[in-house]
Amino acid sequence: MHKKRTKVGEWRAVDEGVCPAHPHAIPAAVRMSEAQSTAGTPLIVAVVNQKGGVGKTTTAVNLAASVAVAEVSCLLVDMDPQGNASSGVGVSPRTTTRSIYDCLIGKAQLEDVVVHTAIPGLDILPATQDLVAAEIELIDETDRASRLAGILQSAFERGAPYRHVFIDCPPSLGLLTVNALVAAHRVLVPLQCEYYALEGLTYLMDTIDRVKRGPNPQLDVEGLVLTMFDPRNNLAHQVADEVKKHFRVFESVIPRNVRLSEAPSHGKPIVLYDAKSKGCEAYLALAAEYLAGHEPKSDKNDKKKSAAGKGARS
Ligand SMILES: Nc1ncnc2c1ncn2[C@@H]1O[C@H](COP(=O)(O)OP(=O)(O)OP(=O)(O)O)[C@@H](O)[C@H]1O
Ligand SMILES: [Mg+2]
């Protein structure tokens, strides 16, 4: 079956950028031309917060799953050696033979590694602990910060049929996260409304600015998502109000919900584990809010094309 070929822009060298945490992490890199960000081309979203345990993986998995359920094809990229996004959609890092590591070191292409999930239209580029080694192995490579961008770009050129790509990042601003920021059009920041939540945010925004001024000028903040929100907690409201003064925040708030924390141990996104839970409702609402900004309502033809692309892969 004929695959829709994605129109993509050219890559070109740009000035060197610097990450404050890793001053040598970003070499002279490449970026996508303006054509990549026009409507109809895949949108790449990095889910980033260097703070651990704030709901990055839960958000990446369940937002991607909810977008796929809306019949908009998605690729979830696991950029964390913990492999939580992979196991969260039922792909165990322990039994995975080829992973994103093989792509990053140039031993495999995206389609050699990608795995279909139980949700039609949702694929995963899985990670294993091998990914830890990538940071070290790539240290002398001049294109080390733009490896992921290159992998995605060439997959799109070969017709990879995804409309949205969500990258789950590790809790650091090291080379793996920098790769995600160089590859992405947008950054989505899950934020837990607690006392220290704002502390790292300035540093994160500073890093995003530096990547924007360097290797990826088109990078933009998609918005902050308030996670594990407890409406009975006054501090949560105070933090939320403060954040809204300074940043774009999604209206859909993710409540603390035990079903969301149970779902990964069953290898399922919440929409397959408990579609009636408050957590599922919240992620479906977040997906609708996200898609409203990116998918025109009269987009049925594109959805059909994307479904045809799915058929072509199987
Ligand atoms: N809304 C929620 N309600 C209840 N539990 C949640 C919610 N969101 C996440 N959790 C749980 O909190 C823990 C941390 O979430 P998650 O793994 O998504 O965070 P993370 O930012 O990806 O962590 P890391 O920085 O280690 O990658 C997990 O056990 C997860 O199941
Ligand atoms: Mg995680």
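1. Two strands are taken as paired if DSSP finds at least two bridges between them. In this predicted model, strands β4 (residues 74–78) and β6 (residues 122–125) are joined by 4 bridges and run parallel. One pairing can be located by residue: C74 has L122 of β6 as its bridge partner.

2. The pair belongs to an open sheet of 7 strands with mixed pairing, in the order β5-β6-β4-β7-β3-β8-β9. Its edges are β5 (115–116) and β9 (220–227), each of which pairs on one side only.

3. As to the chain overall, the protein contains 13 helices and 9 strands. Of its 314 residues, 48% are buried. Among contacts with a separation of 6 or more, 79% are between residues 24 or more positions apart.

4. Helix α1 (residues 56–69) lies across several strands of the model, namely β3 (43–47), β4, β6, β7 (164–168), β8 (186–192) and β9. The helix runs at about 165° to β7. α1 is mostly covered, with 14 of its 14 residues buried.

5. The length of α1 may be checked against expectation. At 1.5 Å a residue, its 14 residues should span 20 Å, and because the end C-alpha atoms are 20 Å apart, the two values agree.

6. α1 also contributes to the surroundings of ligand 1. The shell around this ligand comprises 20 residues, and the closest are K56, T57, T58, P171 and S261. α1 supplies the largest share of the shell, 3 residues. Both α1 and α10 (258–262) supply at least two residues each. By character, the shell divides into 6 nonpolar, 11 polar and 3 charged residues.

7. Two backbone conformations merit attention in review. The first concerns E71, which follows α1 and sits in the loop between α1 and β4. Its phi is positive, about 65°, although the residue is not a glycine. E71 counts as partly exposed because it has 16 C-beta neighbours inside 10 Å, whereas a buried residue requires 20 or more.

8. The second concerns M228, in the loop between β9 and α9 (234–246). M228 is likewise a residue other than glycine with a positive phi, here near 50°. Which class of burial does M228 fall into, given 22 C-beta neighbours inside 10 Å? M228 counts as buried, since the cut-off is 20 or more.

Terms used. Residues are numbered from 1 along each chain as its sequence is written. Chains are lettered from A and ligands numbered from 1 in the order in which they are written. This is a predicted model: local features need pLDDT of at least 70, side-chain atom pairs count only at pLDDT 80 or more; totals for chains, interfaces and linings use all residues. Two residues are in contact if their C-beta atoms, placed from the backbone, lie within 7 Å. Axes are lines fitted to C-alpha atoms, for helices over the stretch in contact, and angles run from 0 to 180 degrees between N-to-C directions. A residue is near a molecule or strand if its C-beta atom, placed from the backbone, lies within 6 Å of it. Ala, Val, Leu, Ile, Met, Phe, Trp, Tyr, Cys and Pro count as nonpolar, Asp, Glu, Lys and Arg as charged, and the others, Gly among them, as polar. A residue is buried if 20 or more other C-beta atoms lie within 10 Å of its own, exposed if 12 or fewer, and partly exposed in between; C-beta atoms are placed from the backbone. The expected span of a helix is 1.5 Å times one less than its number of residues.
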